[in-house]
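User: I am in my first year and would like to learn how to read a model like this one. Could you pick a single spot to begin with, look at it closely, and then connect it to the rest of the chain?

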Amino acid sequence: MTDKEIKEEIVEEITNDTETKNEDTASTASQENEIETLKREVEDWKNSYLRKQAEFQNFTKRKEKEFDDLRAFASEKVVVKVLDIIDNLERAIAASSETKDFDSLVKGVELTLSQMKSTVASEGVEAIETEKAMFDPHLHMAVAVEDSADYANDEIIAEFQKGYKMKGKVIRPSMVKVCKK
């Protein structure tokens, strides 16, 4: 090998080393840029997650407050109707006190009772029928039993307290006497 070839080879090696270092530097810079980009994306996702979590907590609190308000004022409509009935009872008592007319008082109370029944009926309340009915433990509460030849086994003999259903659900069972043979 001549000096010229050796110099060319050294120059070529230095050039290759420089190119390799430049490539390594470029590769490292590219990797650092990619890492920074990924860090920003992770931070964006994290912030988005925290915002969504806060929004959900606010939504949950708002719904709980709405539910509490609904529960607190759910009976308002019925109470207003009952207040009208109370007013009518007070008027009936005042009118009968002035005139000392017992028949007017009875008629006023009967009208008020009718108004009360229509008010609860408008809310979906209905009486449970017991006349000539068979005992049903889902609708009736047997508080007495009696053996009677006039009634079939498990037939209701008497009703002590009227039972009611509201929109199909029993809210108070009828208290009854049942025939047991």
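Analyst: A good place to begin is A95, which is found in helix α2, the helix made of residues 76-99. The model is a predicted one, and A95 has a relative accessible area of 41% in it, so this residue is classed as partly exposed. Although A95 and L105 are 10 residues apart in sequence, their C-alpha atoms lie 7.7 Å apart in space.

To see where that helix belongs, it helps to step back to the whole chain, which has three helices and six strands. Read from the N terminus, the order of these elements is α-α-α-β-β-β-β-β-β. The radius of gyration is 44 Å, well over the 16 Å that the globule rule gives for 181 residues, so the chain is more spread out than a compact globule. The C-alpha atoms fill a box of roughly 140 × 55 × 20 Å along the principal axes, and buried residues make up 12% of the 181 residues.

From helix α2 we can move along the chain to E123, a residue in the loop between α3 (102-122) and β1 (125-127). Its relative accessible area is 13%, so E123 counts as buried, the cut-off for that word being under 20%. The side chain of E123 makes a polar contact of 3.1 Å with the side chain of K81. If neighbours within four places in sequence are left aside, E123 is in contact with K77, V78, K81, M166 and K167.

Charged side chains also pair up elsewhere, and the count of salt bridges comes to eight. One of them joins K63 and E66 at 3.0 Å, N to O, and these two residues both lie in helix α1, three residues apart, which is about one turn of the helix. K63 is partly exposed at 39% relative accessibility, and E66 is partly exposed at 40%. Another salt bridge links D68 with R71, where the closest N and O atoms are 3.6 Å apart; this pair, too, sits in helix α1 with a spacing of three residues. Here D68 is partly exposed at 42%, whereas R71, with a relative accessible area of 55%, is exposed.

A third example is the salt bridge between K180 and D154, with its closest N and O atoms 2.5 Å apart. This pair links distant parts of the chain, since K180 is in the segment after β6 (174-179) and D154 is in the loop between β2 (140-146) and β3, 26 residues away. Returning to the residues around E123, salt bridges that share partners join K77, K81 and E123 into one network.

Strand β3, which spans residues 156-161, holds I156. That residue is buried, with a relative accessible area of 4%. I156 and T130 are 26 residues apart in sequence, yet their C-alpha atoms are 6.6 Å apart. Beyond its neighbours within four places in sequence, I156 is in contact with several residues, among them T130, F135, Y151 and V176.

For a contrast with buried I156, consider I10 in helix α1 (residues 3-73), which is partly exposed at 45% relative accessible area. Together with I6 and I14, I10 makes a nonpolar surface patch of about 260 Å². The chain as a whole exposes about 14,500 Å², and carbon and sulfur atoms supply 56% of that area.

Methods:
Residues numbered from 1 in each chain as written. Predicted model: local features only at pLDDT ≥ 70, side-chain atom pairs only at ≥ 80, totals over all residues. Heavy atoms only, no water. Patch = residues over 30% accessible without salt bridge, like charges linked within 9 Å, V, L, I, M, F, W, Y side chains within 5 Å. Areas by Shrake-Rupley, 256 points an atom, 1.4 Å probe, with all protein chains shown as cover. Salt bridge = Lys/Arg side-chain N within 4 Å of Asp/Glu carboxyl O. Helix = DSSP H or I, 4+ residues; strand = E, 2+ residues; numbered from the N terminus. Buried < 20%, exposed > 50% of the residue type's maximum accessible area, 1.4 Å probe, protein only. Polar contact = N/O pair within 3.5 Å; in protein donor to acceptor, adjacent residues only side chain to side chain. Contact = heavy atoms within 4.5 Å. Rg over C-alpha atoms; globule rule 2.2 N^0.38 Å.
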